[in-house]
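Subject: Structure handover

Hello,

Here is the structure we talked about. Please open it alongside this note, and then read on for what turned up in it.

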Amino acid sequence: KKSHLKEIIDGMVAEGLSRSTLEKTKTLAVILFDWAIGDEIVSINHGSAVELPAVEKKEKETFSEPEILKIVKHGEAGDIWAGTVAILIYTGMRISEMLELTKFSVNRENWTIRGGLKTEAGRNRIIPIHPKIKPFIQYWLSQPGDHLISRDGKPISANYYRKYLYYPTLERLEVRRLNPHCTRHTFLTMLDKAKVTKKVQQELAGHASYQTTAGYTHPDIDTLREGIEAIP
């Protein structure tokens, strides 16, 4: 009965099991009841009627100003992987986007990066290089290999970077272990604090919603650079 399934879900919640586990349990119940209906054992799919507890919306975490300063300072002192975390923070790129960049993605005349994945709005977007990360970009341009960020000239997978480079760097620097996507939230938060317009924020972030909220006119390079350089 539905009440039996509710008891199971309530017990799992009491044990502290994850939301993902609860959702998989409900999915399994739905499948089992479908089979039971097909075999004429029951007539109602009680699995579909089970309600999971509401998800508490967590506030998006961002790196603090002292943490950002520490990351940049270590990058300037020669910690190349701290430099890559700074690149994530000051470009708003996802790990996969950063690691897909090639040296041809960097325009050395006007110091911009062309890149982006995931959405149509995000592809081929232009990101001016903030002065604080320019030395890190220059370092990687001088390294062997076609990809901008590499290890011994060889491409790095997002999973490897996350597990063996990103998190160990935060631990080494004694910075909170925030997940990589928090660097993107940090970027947008810094733009917002600097009072950069939403239109420029969306262009820099490559959000798909830009197409509907800002029409089809795009800020020029100077406007984008003003937005980036408004970040302290």
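Contacts first. Among contacts in the chain with a separation of 6 or more, 59% join residues 24 or more positions apart. Please keep in mind that this is a predicted model.

The overall numbers are quickly given. The chain has 232 residues, and 42% of them count as buried. It holds twelve helices and three strands. Its accessible surface is about 13,500 Å². Carbon and sulfur atoms contribute 53% of that surface.

**Helix pairs**

Two packed helices are described by the angle between their axes and the distance between the axes. I went through three pairs on that basis.

Start at the N-terminal end, with α1 (residues 2-14) and α2 (residues 19-38). Their axes come within 10 Å and cross at roughly 160°. Angles over 145 degrees count as roughly antiparallel, and α1 and α2 are therefore roughly antiparallel to each other. The crossing of α1 past α2 is right-handed. On the α1 side, the residues that meet α2 are Leu 5, Ile 9, Met 12 and Val 13. On the α2 side they are Thr 21, Leu 22, Thr 25, Ala 29 and Phe 33. Sorted by class, this contact of α1 with α2 has seven nonpolar residues, two polar and no charged.

One more residue in α2 deserves a look. Leu 28 also lies in this helix. Leu 28 is partly exposed, at 48% relative accessible area. From Leu 28 to Gly 47 there are 19 residues in sequence and 8.1 Å in space, C-alpha to C-alpha.

Next, α4 and α5. Their axes come within 7 Å and cross at roughly 135°. That makes α4 oblique to α5. α4 passes α5 in a left-handed sense. From α4, the contact takes in Ile 68, Ile 71, Val 72, His 74 and Gly 75. From α5, it takes in Ala 82, Gly 83, Val 85, Ala 86, Ile 89 and Tyr 90. The contact of α4 with α5 has eight nonpolar, three polar and no charged residues.

The third pair is α5 (residues 80-91) with α7 (residues 134-141). Here the axes come within 9 Å and cross at roughly 120°. That makes α5 oblique to α7. The crossing of α5 and α7 is left-handed. α5 supplies Ile 80, Trp 81, Gly 83, Thr 84, Ala 86 and Ile 87 to the contact. α7 supplies Phe 136, Ile 137, Tyr 139 and Trp 140. By class, the contact of α5 with α7 divides into eight nonpolar, two polar and no charged residues.

**The buried side of α8**

Which residues of α8 are buried? They are Tyr 161, Leu 165, Tyr 166, Tyr 167, Thr 169, Leu 170 and Leu 173. The cover over the buried residues of α8 includes α4 (65-76), α5, α6 (95-100) and α9.

Look at Thr 169 in particular. Thr 169 sits in helix α8 (residues 158-173). Its relative accessible area is 2%, so Thr 169 is buried. Leaving out residues up to four places away in sequence, Thr 169 touches Trp 81, Ala 82 and Val 85.

**Positive phi**

Most residues other than glycine have a negative phi. Three residues here are worth checking against that.

Trp 111 has a phi near 50°, a positive value in a residue other than glycine. Trp 111 lies in the loop between β1 (106-107) and β2 (112-115). Buried or exposed, then, for Trp 111? The cut-off for buried is under 20% relative accessible area. Trp 111 has 17%, so Trp 111 is buried.

Lys 195 is not a glycine either, and its phi is positive at about 65°. Lys 195 lies in the loop between α9 (181-193) and α10 (198-205). With a relative accessibility of 74%, Lys 195 counts as exposed.

The third is Glu 174, just after α8. Glu 174 takes a positive phi of about 60°.

Best wishes

Key: Residues numbered from 1 in each chain as written. Predicted model: local features only at pLDDT ≥ 70, side-chain atom pairs only at ≥ 80, totals over all residues. Heavy atoms only, no water. Helix = DSSP H or I, 4+ residues; strand = E, 2+ residues; numbered from the N terminus. Buried < 20%, exposed > 50% of the residue type's maximum accessible area, 1.4 Å probe, protein only. Contact = heavy atoms within 4.5 Å. Areas by Shrake-Rupley, 256 points an atom, 1.4 Å probe, with all protein chains shown as cover. Axes fitted to C-alpha atoms, helices over the stretch in contact; angles between N-to-C directions. Parallel < 35°, antiparallel > 145°, perpendicular 65-115°, else oblique. Left-handed = near helix turned anticlockwise from the far one by under 90°. Nonpolar A, V, L, I, M, F, W, Y, C, P; charged D, E, K, R; others polar.
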